[in-house]
Amino acid sequence: MSYIDLHVHSTASDGTLSPAQVVEEAKKAGLSAIALTDHDTVNGIEEALDAGEKNGVQVIPGVELSCVYQGKEIHILGLFVNHRDPDFTCQLDKLLSVRIKRNQEMLRRFQSDGFDITMDTLTKGNPQTVITRAHFARALVDRGYASSMEKAFQNYLQYGGKYCLRKELITPEQAMKVLTGNHAFPALAHPMLYRLGWEATEELIAHLTELGMKGLEVYHSSHNPSQSGKLRTLARQYHLFPTGGSDFHGANKPDISIGSGRGGLRLSHLLLEDIQAFVSSCS
């Protein structure tokens, strides 16, 4: 049986491995396919596709969009995106401009308080990367202001805190419009991370399904077997395809390995085959 990982990140956003290195890591892990789902960008897709051809690993072009639902930030994955669609990339550029504005203000606040952090510190020589809180956390650790990524988030990077103002986020309706307009396959990412409770989680799933969502990330590094079982039931109830992924970020999430998450995540290629058949039938 071959295995897959439909949620991984590279240096195009907040991962620590280049798109090509992510593919090489997937090959080492014995995976047959991955989806590169960087935050608000498809800039790493071409490199990953080239590496996939060289390494015999199928690369699904993807993206992960952030939006706000009832005051909480949630993430929606887009799989099988058309990353060459100019209208789509224009929409992503607008989202990136919001991130850039927020990051510049965060950097200003840190520097005003004497933190030795620059934009070069954050990008580490890759000016095309999409800066996230993880980049700030890594810089704080590297500069000795925090003993670990976890401590950096706790002490400096809580949403709404002095150094981490909330960025302007789009609504689920807008995020879904971006993805469905691109004929991508939208799926709610890691539902359990939002800590909504089961009733509110089901309400969110129902709402997104009405907007055109087709998948639900049933399997994720943060889900235990019981949670995955309940999500699998909800996926059937709302006629959604179950998806899954590790949420691999390299050294920024050192306890998560590609393909296996924290050790127990193994996703059959059959999941992908069902999604691919559906996508093909809609094209």
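**Exercise 1. Work out how strand β6 sits in this predicted model: is it enclosed or open?**

Step 1. Locate the strand: β6 covers residues 215–220. Helices (H or I, at least four residues) and strands (E, at least two) are DSSP runs, numbered from the N terminus.

Step 2. Check burial, where buried means under 20% relative accessible area, exposed over 50%, and partly exposed in between (1.4 Å probe, protein chains only). Five of the six residues in β6 are buried, so the rest of the structure largely encloses this strand.

A word on the ground rules: this is a predicted model, so local features need pLDDT of at least 70 and side-chain atom pairs count only at pLDDT 80 or more, while totals for chains, interfaces and linings use all residues. Residues are numbered from 1 along each chain as its sequence is written, and side-chain values use heavy atoms, leaving out hydrogens and water.

**Exercise 2. Find the strands that pair with β6, and trace the connections.**

Step 1. Recall that two strands pair if DSSP finds at least two bridges between them. β5 and β6 run parallel, joined by two bridges; A187 has G215 in β6 as its bridge partner.

Step 2. Follow the chain from β5 through helix α8 (residues 198–210) to β6: this β-α-β crossover is right-handed, that is, with the strands pointing away from the viewer, the path from the first strand over the helix to the second runs clockwise.

Step 3. Now turn to β7 (residues 241–245), which pairs with β6 in the parallel sense over five bridges. Here E217 stands opposite T243. With helix α9 (residues 225–237), β6 and β7 make a right-handed β-α-β unit.
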